[in-house]
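Trainee: I have a new model to look at, and I would like to learn how to read it. Could you take me through it step by step?

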Amino acid sequence: MDKLKGLINGLILAGMLLSAQAPAAATTEARKPGLQSLNEPQAPATQRTLPIKGYKTLGGTKILFIRTPGLPMFDALVSFAAGSAHTPIQPGLAAVTYSLLNEGVTGKDVNAIQATFDNLGARMNMGISQDRTWFSLRSLSDESRRTPALELFAQVLGKPLLPQESLPGVKSQLQYFLDLEDQSHAAQARQANLAQLFPEHGNAQSLYGTRAGLASITRSLAQDFHREAYAAGNAQITLVGDLTEEEAQRIGTQISAALPLGPAAAAIKPVTSPTAPSLLRVERPSTQAYLRLAQPSDLRSGPDYVALQMAMRIFTNRLTNELRERRGLTYHVKADLSALQAQGLLTIELQTRPEQADAVLAHIKTMFSDFLAQGPTRQELEDSQQQLTGSAPLNSVTNMQILRQLYAISAHNLPLDLDFATQAALKLSPASIKSALNRHHHADQWRVVILGPKTDQQPLPAPSESATNAMCRMPGENVAS
């Protein structure tokens with residue numbers, strides 16, 4: 001669409017320049033600017049199509065590719081089922097192995113690796129979650145730059161040295177991240193809430209493990225985990241950019257061939273006995289109370305996920321209007337769905353005044369109970385669908401945005417279509433959303449954490465009937481007209 005718009009603008013500009021150079025005797029009609037009246041029928045909007053190509057290597061690596069030839073560059077992302085929840089018996093092993101990968105390969109230490117990518121105009125990034133680790137490479141498409149960048153990238157993933165001399169520094173850094181989590185009230189509330197939901201489960205652990213777990217990890221354990229978790233059968237590759245289909249296939253095969261041979265990792269065990277509803281109070285000195293509510297939900301690949309996702313968009317709007325706009329109790333509140341492999345989750349998070357935490361919690365529960373009983377209104381659904389229609393194209397403008405969507409499709413085995421979720425959301429009705437909500441959620445099944453100072457509780461303030469959000473605006477006399 002951008003290319004078409006540029007072409008149209010170029011033709012209009014050329015026409016205007018030619019008109020300016022025409023002799024004075026030219027007709028008035030010839031000097032009209034190239035504009036179309038809004039009263040005339042409008043041409044239908046052109047939709048950008050981004051077909052997904054899918055392959056599988058002999059080693060078992062799944063590859064998804066979208067060609068975007070607009071810029072002479074490409075992005076590659078390789079992910080592995082090697083996140084923190086895969087090492088519940090040895091907390092921190094996944095994070096240590098992940099952190100050691102780019103510390104050295106034959107002939108290059110971590111600094112030389114970074115310098116080589118810089119000299120090639122390439123950039124490597126990495127990340128870890130509970131389910132997966134991922135490594136991305138952005139490079140120019142030119143073969144003289146692309147080839148050496150991909151060779152080094154594949155070497156980092158498939159043949160890392162995992163050097164012993166880097167192990168103490170990696171552990172120290174992960175312990176520092178654990179210290180930061182201990183200082184973050186939001187992180188503490190999240191971890192406490194996950195412990196309620198996933199007792200004795202890997203998902204309840206920090207991404208960085210535990211201090212005792214980190215202390216016990218050796219280079220030998222990291223090497224063993226790399227051979228198993230970073231095997232070709234446990235890898236997924238997504239490619240987006242200025243590549244031909246043949247080039248994408250060669251790149252995917254090259255990366256897969258550099259990895260150890262091995263099958264996909266066993267799926268993370270689901271929670272077999274969910275805990276009963278509970279409320280945990282964690283006393284901490286703070287000017288705010290941190291509230292986190294959660295309950296089990298559908299998996300990302302589940303048939304009701306899109307309906308539940310739309311429901312949470314609508315419920316978030318309700319929460320924002322009621323708790324922020326009408327009562328001024330919080331700056332930000334959101335109801336959201338997770339994409340964990342073992343168990344889908346619905347979470348609601350916010351910060352509020354400590355003396356009104358109990359009243360806010362009770363009000364949220366009542367609002368959710370009403371939402372289950374009544375479902376969304378048709379106007380709420382139509383507003384959310386209209387918003388989704390307008391925002392969806394903006395989520396696939398850049399290669400990185402497309403890569404993120406392609407990664408989610410690959411990781412959760414979703415349909416090979418970037419727009420499938422949007423199209424499914426546009427077909428929903430209030431009744432279908434209400435039905436999905438009641439299949440997966442309950443008014444009395446919340447696991448709740450309230451973290452903050454102990455204080456006497458007060459009732460909710462009376463709602464304001466003003467439509468404006470006074471807590472986020474300057475006083476009237478200071479607002480420019």
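Mentor: Gladly! Keep in mind that this is a predicted model. Let's begin with a pair of strands.

Trainee: Which residue in β7 is the bridge partner of Phe-80?

Mentor: Start with the two strands involved: β3 covers residues 73-80 and β7 covers residues 133-140. They pair in the antiparallel sense over 8 bridges. The bridge partner of Phe-80 in β7 is Thr-133.

Trainee: In what order do the strands of the open sheet with 6 strands stand?

Mentor: This sheet has mixed pairing. Its edge strands are β1 (53-56) and β6 (123-128), and each of them pairs on one side only. Neighbouring strands are turned by 15° against each other on average, direction ignored. From one edge to the other, the order is β1-β2-β8-β3-β7-β6.

Trainee: Which strands does helix α9 lie across?

Mentor: Let's take helix α2 (residues 93-100) as a warm-up: it lies across β6 and β7, at about 175° to β6. Helix α9 spans residues 245-258 and runs at about 150° to β8. The strands that α9 lies across are β1, β2, β3 and β8.

Trainee: Is Thr-87 buried or exposed?

Mentor: Thr-87 sits in the loop between β3 and α2. Leaving aside neighbours within four places in sequence, Thr-87 is in contact with Gly-92, Leu-93, Ala-94, Gln-205 and Phe-225. Its relative accessibility is 6%, and the cut-off for burial is under 20%. Thr-87 therefore counts as buried.

Trainee: Which helix gives the largest share of the lining of the second largest pocket?

Mentor: That pocket holds about 430 Å³ of space, and 20 residues line it, with Ala-85, His-86, Thr-87, Pro-88 and Ile-89 nearest its centre. The lining divides into 11 nonpolar, 6 polar and 3 charged residues. The largest share, 3 residues, comes from helix α8 (residues 219-229).

Trainee: How much space lies in the largest cavity?

Mentor: A search of the whole structure finds 1 cavity of 30 Å³ or more. The lining residues of the largest cavity are Leu-197, Val-271, Pro-274, Thr-275, Pro-296, Gln-343 and Arg-447. They divide into 4 nonpolar, 2 polar and 1 charged. The space in the largest cavity is about 50 Å³.

Trainee: Now for the open sheet of 5 strands: which strands stand at its edges?

Mentor: The order in this sheet is β9-β13-β10-β12-β11, with mixed pairing. An edge strand has a single partner strand, so one side of it is left without a neighbour in the sheet. Here the edge strands are β9 (278-283) and β11 (333-337).

Trainee: Which residue in β13 is the bridge partner of Arg-281?

Mentor: β9 and β13 (residues 447-452) pair in the parallel sense over 6 bridges. Along this pairing, Leu-279 stands opposite Val-448 in β13. On the other strand pair, β10 and β13 are antiparallel over 5 bridges, and the β13 partner of Leu-291 is Ile-450. For Arg-281, the bridge partner in β13 is Ile-450.

Trainee: Why is β13 largely enclosed by the rest of the structure?

Mentor: In a regular strand, side chains alternate between the two faces of the sheet. On one side of β13, Arg-447, Val-449 and Leu-451 are buried, and on the other, Val-448, Ile-450 and Gly-452 are buried too. β13 is largely enclosed because its buried residues number 6 of the 6.

Trainee: Where is Leu-162, with its positive phi?

Mentor: Most residues other than glycine have a negative phi. Leu-162 is not a glycine, yet its phi is about 45°. At 2% relative accessibility, Leu-162 counts as buried. Its place is in the loop between α4 (143-158) and α5 (167-183).

Trainee: And is Asn-413 buried or exposed?

Mentor: Asn-413 also has a positive phi, near 55°. Asn-413 lies in the loop between α13 (399-411) and α14 (420-426). Its relative accessible area is 60%, and the cut-off for the exposed class is over 50%. Asn-413 is therefore exposed.

Technical notes. Residues numbered from 1 in each chain as written. Predicted model: local features only at pLDDT ≥ 70, side-chain atom pairs only at ≥ 80, totals over all residues. Heavy atoms only, no water. Pairing = 2+ DSSP bridges. Helix = DSSP H or I, 4+ residues; strand = E, 2+ residues; numbered from the N terminus. Axes fitted to C-alpha atoms, helices over the stretch in contact; angles between N-to-C directions. Contact = heavy atoms within 4.5 Å. 1 Å grid on protein atoms, 1.4 Å probe; cavity = no way out; pocket = protein on both sides within 12 Å on 5 of 7 lines; lining within 4 Å. Points joined across faces, edges and corners; volume = space filled by probe spheres on them. Nonpolar A, V, L, I, M, F, W, Y, C, P; charged D, E, K, R; others polar. Buried < 20%, exposed > 50% of the residue type's maximum accessible area, 1.4 Å probe, protein only.
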